[in-house]
Amino acid sequence: MSDALDFVESNLPRFRAELYDFLRIPSISAKSEHEGDMRRAADWLADKLDAAGLEARVDDTPGHPIVLGRWHDAGPDAPTVLIYGHYDVQPPEPLEEWESPPFEPTERDGRVYARGSADDKGQLYMHVKALEALLAVDGSLPINVVVLAEGEEEVGSDHLVPYVAEHADELACDYVVISDSNMFAEGIPSILFSLRGLAYLEVHVTGARSDLHSGQFGGTVMNPANALAGIIAGLHDSEGRVAVDGFYDDVAEWDEETRQGIRSLPFDEDEYRRELNLPALVGEAGWSTLERLWLRPTCDVNGLLSGYTGEGAKTVLPNRAMAKVSFRLVPDQEPSRVARLVRAHVERVAPEGVRVEVRELHGGRPWRAKLDGRLVDAASSALEEAFGRRPVLQGEGGSIPIVVDFEEQLDASALLVGFALPGCNLHAPNEWFPLDAFDRGIGALVRLYGRLGK
Ligand code: BES
Ligand code: MN
Ligand code: MN
């Protein structure tokens, strides 16, 4: 193992240079004009898996391709690990807020700035390099490996769910390892005990045959923008709870040990608030900030559309309004059930005089870690050796929808160990990834795979 660590150490400049090539490909899954870039990124990654010594291929789907790499010569007695990540990235807009171009990786202050550097190309590539190091030095791996990288994580993983079902034999594994999340803080590695799920909806409100003069008609017809504002305002009660009947029915209790663990984390609410430049933190009454983030479900408007928003004043009564609304879910809430409850709620509270339609976009189930002893022990030691500090257990407010499907369909336990930091600007302008975490993290993964093979 120590030879593989030396190999990592002496090849870091090349590893980084390769990552920057990966980051230069604008693999934006949401935009059809980038279909060619999606294919290029998939082929690029498959080439690197092949060069590392895995059997690699690119599988087409009705959406973006899936990259698969396999190495199975460790034999039937060695565990099999499925490494999952995604090569698609979020759109970079607003472009004018980037200090360096999103697809031109730039090093500043020990960070590499680029879209996808943290989410998730940088983290995914660390695994590829850890495998390369082990194969280069030992000629073999201590475990069997399947690497699966998808191109549709940022748009809901629609084609990965059927893919996993259809390829269950090839994907069979004992453990799933994913690096697509954060460390707790700089220098404090972590292992996730949960991810939130998601139910994403659009609420459409339609009024008269067209926009109207707001003086000529105002006061006689329901304004869809007013109606939608009322519907949105009614989604929370005065305690910050989601005011949809039945919403909390399936929210599971957390054990005291987990809550105690959260309380013991070195977290400074005031620093969190100041870093976000906010006058105050708010949320559901009765829960701390980290509990609100990790243990409690939420409802947020993600976008609003209605009326005149250009320069100056226009006295118009818009004839439609739309809101994108999403709910972060916790165990054991089901996205489809939540969507049903929200539709019933909106239809019930919708005012007279407009038509209201709720459309379901996509969802993802929440995940709670099984915290398999062997897996967590191996990861804890590996992280401690690489970062000089034992990892903490933390939850995560974001979602990775496929994790539950992997566990259920492949009968495996997932380990989520991320190397980004909470301030890395995921999905935002100036996304970055810490180079130190890239370097140390590859070492941690070499150690993890070595330990799992023992
Ligand atoms: N890597 C993120 C999830 C994440 C975010 C983990 C922050 C840890 C910290 C992932 O790529 C993501 O953005 N997921 C989406 C899921 C959605 C598109 C179904 C999310 O959470 O919004
Ligand atoms: Mn991600
Ligand atoms: Mn993401």
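The 6 donor atoms around the manganese ion, ligand 3, subtend angles of 55 to 157 degrees, which makes the arrangement irregular; irregular here is whatever remains once four donors fail as tetrahedral (all angles between 85 and 135 degrees) or square planar, and six fail as octahedral, the latter two needing opposite donors over 155 degrees apart and all others between 65 and 115. Please keep in mind that this is a predicted model, in which local features need pLDDT of at least 70 and side-chain atom pairs count only at pLDDT 80 or more, while totals for chains, interfaces and linings use all residues. Residues are numbered from 1 along each chain, chains are lettered from A and ligands numbered from 1 in the order written, and side-chain values use heavy atoms, without hydrogens and water.

The protein donors of ligand 3 are Asp 119 (OD), Glu 154 (OE, listed twice) and His 427 (NE2), at 2.1 to 2.5 Å, where a donor is an N, O or S atom within 2.8 Å of the metal (3.2 Å for Na, K and Ca), and sites may look incomplete because water is not among the atoms.

What coordinates both manganese ions, ligand 3 and ligand 2? That is Asp 119, and the two ions are 3.6 Å apart. Asp 119 counts as buried at 7% relative accessibility, whereas His 427, at 41%, is partly exposed; buried means under 20% relative accessible area, exposed over 50%, and partly exposed in between, with a 1.4 Å probe and protein chains only.

Turning to ligand 2, its protein donors are His 86 (NE2), Asp 119 (OD) and Asp 180 (OD, listed twice), lying 2.0 to 2.4 Å from the ion, and His 86 is buried at 0%.
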